Amino acid sequence: MTSERKDRLIQARVPEKLEATLKNEARRRRTTVSQMIRAILQDTFQLVDDVVANVDLIVSDSVDLAQRVGRDARLRGRGAHPLSAGSEAACHEPLPDAADRLSPVQAWNEVVLNQPVACTKCGAKLSRGCRAYLGLCEDPSRPRAWLCAPAVEALANRPAGRIPDEPAHKPEYGEET
Ligand SMILES: [Zn+2]
């Protein structure tokens with residue numbers, strides 16, 4: 001006798017590699033792929049609140065978190081604020097001094113703004129209550145650097161490029177410059 005079930009069946013196409021990953025992970029957790037995906041989705045939507053996102057993307061994000069930090073940061077956006085965390089458009093058309101001001105930044109720390117700031121890269125205004133990213137830098141004399149969420153997302157999608165204004169040859173001490 002089968003118990004009455006109100007669960008619905010959802011099918012999703014996944015690449016072969018992702019299927020293998022899911023099976024391995026389910027085996028490791030001593031559960032089934034179906035139960036594991038259900039748990040991942042439940043966890044994800046509890047974090048994401050009312051954000052509606054593509055199921056395939058969520059599953060691959062949950063399995064492959066490390067490579068998708070930017071997207072995950074975006075999906076973690078909570079209730080009151082839109083996905084883009086205060087900046088309406090994508091971060092593009094870098095300001096002329098953007099590369100120079102961003103190059104000393106070692107890491108980006110997600111914060112909630114109490115005062116409005118401007119994205120150091122694109123100049124977008126980020127308002128109070130929005131999530132933004134504060135640049136952590138060893139040199140306290142440098143002006144603060146800020147990034148909008150789209151700019152941080154772009155970091156995950158693009159490998160770090162060479163800093164264009166870094167000199168190819170660093171002079172030794174005592175050498176004429
Ligand atoms: Zn920006």
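**View 1. Helix α1 lies largely in the open, because one of its 13 residues is buried.** A residue counts as buried if 20 or more other C-beta atoms lie within 10 Å of its own, with C-beta atoms placed from the backbone. Helices here are DSSP runs of H or I with at least four residues, strands are runs of E with at least two, and both are numbered from the N terminus. This is a predicted model, in which local features need pLDDT of at least 70 and side-chain atom pairs count only at pLDDT 80 or more, while totals for chains, interfaces and linings use all residues. Residues are numbered from 1 along each chain as its sequence is written. Helix α1 covers residues 16-28 and reaches 18 Å from its first C-alpha to its last. That is close to the 18 Å expected at 1.5 Å a residue, where the expected span is 1.5 Å times one less than the number of residues. Just after α1, look for R30, which takes a positive phi of about 55 degrees.

**View 2. Here is the whole protein chain, with six helices and five strands.** Following the sequence, you meet them in the pattern α-α-α-α-α-β-β-β-β-β-α. Of the 177 residues, 19% count as buried.

**View 3. Three strands make an open antiparallel sheet in the order β1-β4-β5.** The edge strands, each pairing on one side only, are β1 (107-112) and β5 (146-147). Strands pair if DSSP finds at least two bridges between them; β4 (residues 131-136) and β5 are joined by two. Along this antiparallel pair, Y133 stands opposite L147 in β5.

**View 4. R131 sits in strand β4.** R131 is buried because 22 other C-beta atoms lie within 10 Å. Another residue to find in this view is N114: R131 and N114 are 17 residues apart in sequence, and their C-alpha atoms are 9.7 Å apart in space.

**View 5. The largest nonpolar core gathers 17 residues.** Such a core is a set of buried Ala, Val, Leu, Ile, Met, Phe, Trp, Tyr and Cys residues joined through C-beta atoms within 7 Å. The residues with the most contacts inside this core are C119, L126, A132, W146, L147 and C148. Two or more residues come from each of β4, β5 and α6 (149-157), and α6 gives the most, with three.

**View 6. Zoom in on W146 and its contacts.** Two residues are in contact if their C-beta atoms, placed from the backbone, lie within 7 Å. Leaving aside neighbours within four places in sequence, the partners of W146 include V117, A118, C119, L126 and A132.

Technical notes. Buried ≥ 20, exposed ≤ 12 C-beta atoms within 10 Å, placed from the backbone.
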